[in-house]
Amino acid sequence: MDVKIANVMKILARFPVFGKLSHQEQAQLAQSAVRKSYQKGEYVAHRGDDWPYVIIIDYGEIHAVKLSPAGRSFGTMKLQAGEEFWSPSLFNDIPLPATLEVWQPSAIYFLHRDRVLPFVKNNAAALWELSLGLARRLHQKSELIEEIAFSSVAERLARLLLDQFDSRGDSPVGRDLSLDEMGAIIGTTPVMVCKQIYRFAEIGLINVSRTEFRLTDQPGLEEIAGSR
Amino acid sequence: MDALNNCFTHKLVFSKLSPADHAQLTRLAIRKTYRKGQFIFLHGDVWPYVLYIASGRVGWVMLSPEGKRQVVFCPKACDVIWGHSLFDDEPMPATLEVMEDSDVFLWHGEHIMPIVSRHVDAVWDVSRELVNTMRQIREVVYGFAFHPVAGRLARLLLKHYQPEEGQPAPRDLTLDEMADSIGTTRELVSKTLHRFAAEGMIEISRVQFIFTNRGDLEQVAGHDEG
């Protein structure tokens, strides 16, 4: 067997839905998989497309971003290496509700509906795994409602900053998210993000330079985030 | 069990089962009646059930630790709710509150899953049901991210009353219920309704709304959903 196909089969087998398919079905799916590479800022698919794919992120980071009529963006989902996404168009012929935007250089495997569904729709065990995956996504969406409906902008921004500091220890954090991107993640405008960052700096929680943030009062920021 | 037979055999999932399966589900169903204000499950409960609403209306409600309330969506007669715990054994992410007196049928996962599993088309429909639920939740998230209170209230009025221009619609939502649905206070709902009235979009009386300019209301609602 071709080494490339064998590698894709290994990747597919890690996913609960595809793991329930037979070896032969996995091999056929692996043969049909198309791998594409993207640079930051490119689009994988656009809101409103009838988009009949399952995708698997090989590496990188993709965000599902919704644009308001006024042109403001809001990120509703982040996909990273080793995660899958089943387009809603596969289930109910509905268009893609958000644009899939590349936030970090990425490689993605595409599996077309015409290849995936004949195998999956005939396999009850695979379908129950699919429902389990969707139920988990529903939990994530519910958490997003809690976050956005019940928390202030200051709380949401504090949590976003703490997440970033958390992965870098005590070191300063490079400002690799733009104000637009931060606004898109926490559901507010870039202007509000900017105001709030400078408020945090004024009260001594963080130091802000043009290129990095430095955490100066972790307990204070945690208190605002509601984690203390 | 007549109430069960009326609509449920035409619903997603159930329409794919055989008459014998329907009969078995009818025998296994637990019928319950709830009064307005009761809870069917609470946020944090493990609830591995499927619920069919024969009559009435329930609310998928989220509560913050400070007691702030958000009604996410309101399933009504003929709708089916698949408990997330059925799939992942995890606690429910919301509370199911009875908004109007309701008559419901319940099946435990251990009873219903083997019956549904006999038909792959029905199992596929379970996924479609979950995707539909996800779409409703997503609309609420977008509403918060993009629309100020006026936009969210306009969307609620258009969705709930589905008004025809110039026709009266009885007011069956209280100010509190509207406020819970769009994440604001009753005072702000009242103020915004009167702003809509002053701008000629609706006429308000104690018992009804008349939608006098649906186009303007849709503009406020920012209708752009795909």
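**Close-up 1. Asp93(A) is an exposed loop residue in this predicted model.** With a relative accessibility of 63%, Asp93(A) counts as exposed (exposed means over 50% relative accessible area, buried under 20%, partly exposed in between, with a 1.4 Å probe and protein chains only). You'll find Asp93(A) in the loop between α4 and β6 (99–112) of chain A; helices (H or I, at least four residues) and strands (E, at least two) are DSSP runs, numbered from the N terminus. Its phi is near 55 degrees, a positive value in a residue other than glycine.

This is a predicted model, so local features need pLDDT of at least 70 and side-chain atom pairs count only at pLDDT 80 or more, while totals for chains, interfaces and linings use all residues. Residues are numbered from 1 along each chain as its sequence is written, chains are lettered from A and ligands numbered from 1 in the order in which they are written, and side-chain values use heavy atoms, with hydrogens and water left out.

**Close-up 2. Val13(B) is a buried loop residue.** Val13(B) sits in the loop between α1 (2–7) and α2 (19–28) of chain B. Phi is positive here too, near 75 degrees for Val13(B). Val13(B) has 0% relative accessibility.

**Close-up 3. Cys7(B) and Cys78(B) form a disulfide.** The sulfur atoms of Cys7(B) and Cys78(B) are 1.5 Å apart (a disulfide is a pair of cysteine sulfur atoms within 2.5 Å). Cys7(B) is in helix α1 of chain B and Cys78(B) in the loop between β4 (69–73) and β5 (80–82), so the pair ties together parts 71 residues apart in sequence. Cys7(B) is partly exposed at 21% relative accessible area, whereas Cys78(B) is buried at 17%. Cys74(B) is in no disulfide: the nearest cysteine sulfur, that of Cys78(B), is 16 Å away. The structure holds one disulfide over all chains.

**Close-up 4. Chain A and chain B bury about 4,000 Å² between them.** Buried area is the accessible area (1.4 Å probe) that two parts lose on being put together, summed over both; carbon and sulfur atoms give 73% of it here. On the chain A side, Trp128(A), Leu138(A) and Phe150(A) lose the most area to chain B, together 19% of what that side buries. α6(A) gives the most to that side, with 19 residues. Each chain puts 41 residues into the contact (heavy atoms within 4.5 Å). The rule finds zero salt bridges across this interface (a side-chain nitrogen of Lys or Arg within 4 Å of a carboxyl oxygen of Asp or Glu).
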